[in-house]
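Please look over the structure shown below before reading the notes that follow it. They are arranged by topic, so that each point can be checked against the coordinates.

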Amino acid sequence: MPLPVLSTGLGLGGIEVASAAGVWFRLADGRRVIDASNTAAPLGHCHPDLVAVVRGASGSPALNEGWGWRGRQQAADDLLEHVFSGEEDWVGAVRFCTSVSEANDLALSLAQVLTGRAPLVTRERAYLGTVGLSREVTVQPQWHGGLSSAHGGYRPVPKLADVRQIPPPSCGVHARCAPDGGCHCLPADLAATLADVAAVIIDYSQGGVQPAPAYQDQLARVAREAGALWIADEAATGLGRQGRWLTLQRGQSRPDIVTLGKGLAGGVTPAAAVVLSQRIADMLRDQRWQSFSTFRGHPLTVAAISTTVRCIARQGLVERADVLDAVLRRRLAEIAAAHPCVRRVAGLGLHWTVELRGGSWREWHADTGEPTPADRILAAALDAGVLIAANGEEASLFIAPPLIVSDGELDTILVALDRALAVADKTLLAALADPVLPTAGGPALPAAAKRGVPAGA
Ligand SMILES: Cc1ncc(COP(=O)(O)O)c(C=O)c1O
């Protein structure tokens with residue numbers, strides 16, 4: 001009897017990947033499919049430079065963060081040269097980590113120490129990690145580490161920290177609140193909310209939200225005036241995914257701390273980083289920030305970080321994601337208009353969310369073994385040669401292929417999505433015709449029914 005391996009599902013169960021190259025997976029059943037939702041693989045799979053560097057680094061000693069290692073400084077230098085190019089007056093120091101959960105926990109706890117305050121603020125629907133304070137600020141209810149039963153009901157993990165939520169922005173990079181570029185999304189009492197808070201942490205993609213630069217700049221100003229630190233989580237969006245090295249670079253303001261991860265080491269080793277502003281780094285002068293973890297800044301990880309950052313720069317992948325933003329914006333808007341089942345499409349660069357009518361992100365649906373609408377869509381996309389990820393309970397599909405995706409491969413992804421959404425249309429129309437079935441979010445039909453959020457909001 002084999003030992004069961006526990007996991008979290010992010011899409012169809014039972015898929016086994018046997019090997020990969022570029023944007024392609026070879027599945028264990030022999031099928032070759034495009035990996036269309038993987039922010040951890042900006043260079044695709046088995047990029048020759050990454051394979052070579054990891055092979056070379058496998059001869060490295062087993063070192064923890066306490067030992068000096070030239071490759072670690074080299075990775076910091078590469079970040080400075082590319083990701084933080086032009087940010088030399090702002091950026092102060094970096095600490096490498098093994099996951100963004102860890103990086104966010106470190107950043108939040110540092111903010112608590114520096115401010116002498118405990119409460120934390122994030123926005124509704126945030127997913128920011130699964131350990132310590134990062135789990136506390138993961139306010140997306142079903143991702144907080146609790147247990148859901150196939151027979152109904154959800155048992156949450158008790159809260160350990162005072163975490164307050166602000167509404168998510170309804171504006172976006174291409175959908176500003178006001179013609180003058182201002183933002184009206186932040187609550188009027190934000191200053192009061194932040195008055196005794198250690199930090200406000202925001203990301204740029206969760207729940208299909210890409211706040212406009214004005215949202216960021218206003219949040220930064222109010223946080224600074226309130227004495228709260230601002231932490232920008234660029235785990236999913238950093239390293240070019242949304243057409244900039246960092247999405248925050250679309251705004252004028254700069255945070256106190258940035259966290260990076262996911263594709264930071266090209267997906268070949270676990271990697272993350274906490275990047276401090278010069279102001280925060282100065283506050284640490286003459287102090288020891290005592291916090292240990294065995295594999296932080298491991299020789300293999302830092303070698304992969306250097307290579308990933310250099311390859312993204314050399315291959316012009318940040319600029320390419322910016323160009324593809326317009327292509328995806330147009331094609332996905334067309335697809336959304338053609339499918340009654342689509343409630344909303346939102347995204348930036350090469351990071352897109354297709355939200356279906358029906359489920360609600362506020363509700364938790366345990367895995368009952370019954371295929372969800374999202375499962376059916378994923379299965380249809382797979383039949384068309386594309387592996388897409390979905391957040392089952394809210395029926396959101398994620399399109400985030402490797403940054404190296406070619407025009408032809410992107411077209412294959414969009415054609416597969418278009419075909420797969422037809423499956424959900426049929427379910428929706430059947431539900432509308434049968435009053436006993438759930439009406440999948442309301443009786444209205446396509447264009448008029450869609451929540452009117454333009455692509456990119
Ligand atoms: C925005 C964001 N922050 C933090 C995390 C947590 O990162 P990790 O899985 O490396 O702990 C994730 C992971 O999905 C994320 O998307």
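The notes below take up the ligand shell, the sheet, two loop residues and one helix in turn. The model is a predicted one, and every statement here should be read with that in mind.

**Around the ligand**

- The ligand is surrounded by 14 residues, and those that come nearest are Ser99, Val100, Ser101, Asp203 and Ala235.
- Helix α3, which covers residues 100-115, gives the most to this shell, contributing 3 residues.
- Sorted by class, the shell around the ligand is made up of 6 nonpolar, 6 polar and 2 charged residues.

**The sheet and a helix lying across it**

- An open sheet is formed by 7 strands, which follow the order β4-β12-β11-β10-β9-β5-β8 with mixed pairing.
- The edges are taken by β4 (91-97) and β8 (163-166), each of which has a single partner strand, so one side of each is left without a neighbour in the sheet.
- From one strand to the next, the twist averages 20°.
- The edge strand β4 runs antiparallel to strand β12 (residues 272-277), and 6 bridges join the two; within this pairing, Leu276 in β12 is the bridge partner of Ala93.
- Helix α6 (residues 213-226) lies across β9 (199-203) and β10 (229-233), and its direction makes an angle of about 145° with β10.

**Two loop residues with positive phi**

- Leu239, found in the loop between β10 and β11 (257-260), has a phi near 65°, which is a positive value in a residue other than glycine.
- Although Leu239 sits in a loop, Leu239 is buried, because 30 other C-beta atoms lie within 10 Å and the cut-off for a buried residue is 20 or more.
- Lys262, placed in the loop between β11 and β12, likewise is a residue other than glycine with a positive phi, here near 50°.
- Lys262 is also buried, since it has 24 other C-beta atoms within 10 Å.

**Helix α10 and the residue after it**

- Which residues of helix α10 (residues 373-383) are buried? They are Pro373, Ala374, Ile377, Leu378 and Ala381.
- When the helix is seen down its axis, the buried residues of α10 fall within an arc of 135°, so they line one face of the helix.
- An α-helix has 3.6 residues a turn, so residues three or four places apart point the same way.
- Gly385, just after α10, takes a positive phi of about 90°.

How values were computed
Residues numbered from 1 in each chain as written. Predicted model: local features only at pLDDT ≥ 70, side-chain atom pairs only at ≥ 80, totals over all residues. Near = placed C-beta within 6 Å. Helix = DSSP H or I, 4+ residues; strand = E, 2+ residues; numbered from the N terminus. Nonpolar A, V, L, I, M, F, W, Y, C, P; charged D, E, K, R; others polar. Pairing = 2+ DSSP bridges. Axes fitted to C-alpha atoms, helices over the stretch in contact; angles between N-to-C directions. Contact = placed C-beta atoms within 7 Å. Buried ≥ 20, exposed ≤ 12 C-beta atoms within 10 Å, placed from the backbone. Arc of directions from axis to C-beta.
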